Amino acid sequence: MLHELLLALVGCTGDVFMDVKEKTVALGLCTPKVKRSGSGENGGEKESDASETIADECTFRVASDISFLKDSEKQVLDQLLHLGFYYKELDNFCGKCRNLSWINLKQQPGLPLVQQSVYCRALANGIAEVLAVYRSAVLQVEQTLMADPVPVLAAVTQGLHQFEVLLAPLYALIREVEREQLRGGRLLNLLHAKCHCGIPELQACMQRLLWHGHQVMYRQLSTWMVYGLLQDQHQEFFVRRQQPAEGLVDADQAIEEARLADWHSGFCVNLEMLPEYISLQVAESILFVGKALRVLRNPSLTFKSQVSGSQRGSSKGFNRADDSTAKYSVPPIGGYQGPELLPPAEADSIASMLRDLKKAPDFHKLTFERAVDSIRSVAAIHLWKLVVVHADLIGHLKALKDYFLLAKGDFFQCFLEESRSIMRSPPRLSTAEADLKVPFQQAALKTIGDDDKYFNRVSLRMPNPASGSSDSDAKRTRPVTDGPGFGESVPYDGWDGLALEYSINWPLQLLFTKDVLSKYTKVFQYLLRLKRIQLELEKSWAQAMQQDRDDTANKRRDSRQQRMPMWRVRQHMTYLITNLQFYIQVDVIESQWNLLQERVEASKDFTELARFHQEYLAALISQSFLDIGSVSRILDSIINLCLELCHVIEQEDETPNFAELERITEEFNKKSNSLYTILRSTKLAGSQRAPFLRQFLLRLNYNSFFEVTARGALNMGRPRGGAFTH
């Protein structure tokens, strides 16, 4: 009976020690338990026959017809048989999880899909280690009993008592895993929680199982953080692809778009599979590293040719438009080999750090976070080199500033003068873009030198309106909502939609997304409106002076006196528009540009670089008041009033239209005083969103002019037309 007992302890029952469940099935009294995936409630597992209680409790029993055993001996044997039952269930779990025969099998239609898990396989490997130690202990007990005839039950109990605290919790563990269908990070969470117990042997066992689970996680981390590849066949990793991978296509442009989609929205952190002891910030760093490695290891074909050309000794590709960016004019540096943007030594260093984590017997959160942070720094630095050094980021930022932010004022002044005759008429929607192409090129020939290699990337675009509109709809206005959303404005003519388009090559699309370029376009349209209305005011002044000279020559003094209020309000409009332009171009754009240059120079991290550029754009928008609905609406109204005054000056021959002039003057008084009142409010002027606003108000309120007129507007219900006299 000794060998019958030892065999039962390793799951092999017989006539003396039997498995009740197997006996009932063999006699046809009960059908075996079958689990069907997705057929139960909530899509879970449903068991077709045998009750759940039979599987949950030990089914190993001493045969009832054994009469020579005492009750106390049967009680001891029943306790020992629990170990055999646990062993058999654990061994079945290991065999099921480690069975790889499903790889070569095709899924049969109509049959439930068997959900596989590499993490469950790792758990099974750890449990198999424990079972191997258990079998060795059973063999040692057998050898002891065969060599020295000692009391059997006492020897077996003494030799296997340490497994009483291991096999039962392990059995409960696999039952919970199967019941909850735990996989990936959820399984690691369970193992991590089980490690916190007061039994040293059980704690060491659970830590070993967790170590096995971490081996799978580290392998997935290695492929993701070293090669940029996502090895997650069963969707158990906490980095997940958000969209299906694009199939291979022949068009290079489609491949580039797929790569950009991978960077911006292709991958995300799967919170369901993220272990609780790994913070979201660390997971985001891991996500960034993998995406950065995908970029560094898969440069575009055009970029490869550019790098190869630069290595043949040509340094022209790294020239800058001016001396302010000359500090970045360096050839490829630091071990870069052709298009290989990540030096092999750096990749080996990343792999080495992950191997060290993998070899560690225990998971240390602080060590893990430090390693991830170090790897993220390496990836961020090389991505920074790719964008700033190799892709000439500073030069492109300077070009965006020159053209989208109107830093090349001479070019746009010339362009507006060349196209003024065209823009005085409503645009023909079908030919508007082509109509402006000639003056655009003429302005470039007059003001832009041959050394500006960025101008060829700039082109004019006139967005097409909704279908069904005609040329007569070009001159239109649209209602403005009450919200303070960015970009709300009232266009005063159809040319308000004029925009610039900038050609961006890989890898600058990592920074210059469609949303970023849209913000640049909105700022450009706003600044171009100011530039256009300033030019119109200047032209109207020239026309007014010509009229004044004619009146003087013809000795028409009364006519000159009648035009004085018109000239005065034109001067006040010019004063306001000029000061606003100076504030935006100098106090806002130039100061923020200098700050951005300093930050880019001081930083060597791509993540910081992206944040600095976002802050740069946000500062341009906020400090130009484009995100304040009330200020934007007032400025739009002032620009419209300026245009109306220019039309009045152009259309009057001998006698001015005093009624129209009085209306324009009165409205301008109200709008300008309201603008000054809002800008000088404590909430706005005292905030950090506009650090140079006080300087603008000081220039605007020269000799306390606006302050006096604003106070008068508050005290009087209807400002008089002569409110502009000093």
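Modeller: A disulfide is a pair of cysteine sulfur atoms within 2.5 Å, and by this rule the structure holds zero disulfides.

Colleague: How do you know that cysteine 94 is in no disulfide?

Modeller: The nearest cysteine sulfur belongs to cysteine 97 and is 7.2 Å away, which is outside the cut-off, so cysteine 94 has no partner. This is a predicted model, in which local features need pLDDT of at least 70 and side-chain atom pairs count only at pLDDT 80 or more, whereas totals for chains, interfaces and linings use all residues. Residues are numbered from 1 along each chain as its sequence is written, and side-chain values use heavy atoms, with hydrogens and water left out.

Colleague: Is cysteine 94 called buried or exposed, and why?

Modeller: Buried means under 20% relative accessible area, exposed means over 50%, and partly exposed lies in between (with a 1.4 Å probe and protein chains only). Cysteine 94 has 3% relative accessibility, so the residue counts as buried, whereas cysteine 12, at 43%, falls in the range for partly exposed.

Colleague: What makes the contact of lysine 96 and glutamate 178 a salt bridge?

Modeller: A salt bridge needs a side-chain nitrogen of Lys or Arg within 4 Å of a carboxyl oxygen of Asp or Glu. For lysine 96 and glutamate 178 the distance from N to O is 2.6 Å, so the pair meets that rule. Lysine 96 lies in helix α4 (residues 71-97) and glutamate 178 in helix α7 (residues 167-180), so the bridge ties together parts that are 82 residues apart in sequence. The helices named here are DSSP runs of H or I with at least four residues, while strands are runs of E with at least two, and both are numbered from the N terminus. By the salt-bridge rule the count comes to 18.

Colleague: Why is glutamate 178 called buried, and what is lysine 96 called?

Modeller: The relative accessible area of glutamate 178 is 19%, so this residue is buried, whereas lysine 96, with 53%, is exposed.

Colleague: How do you know that glutamate 590 and lysine 401 meet in a salt bridge?

Modeller: The distance from N to O is 2.9 Å, which is inside the limit, so this pair also qualifies. Glutamate 590 is part of helix α20 (residues 557-602) and lysine 401 of helix α15 (residues 393-404), so the bridge joins parts 189 residues apart in sequence. Lysine 401 is buried at 5% relative accessible area, and glutamate 590, at 29%, is partly exposed.

Colleague: What makes β7 and strand β8 (residues 499-502) a pair?

Modeller: Two strands pair if DSSP finds at least two bridges between them. β7 and β8 have four bridges, in the antiparallel sense, so the requirement is met. Within this pairing, leucine 460 has leucine 500 in β8 as its bridge partner. Leu460 belongs to the covered face of strand β7 (residues 458-461) together with Val458, while Ser459 and Arg461 form the uncovered face. In a regular strand the side chains alternate between the two faces of the sheet.

Colleague: Which residues of α4 and α6 meet?

Modeller: Contact means heavy atoms within 4.5 Å. Glu73, Val76, Leu77, Leu80 and Leu83 in α4 meet Leu153, Val156, Thr157 and Leu160 in α6.
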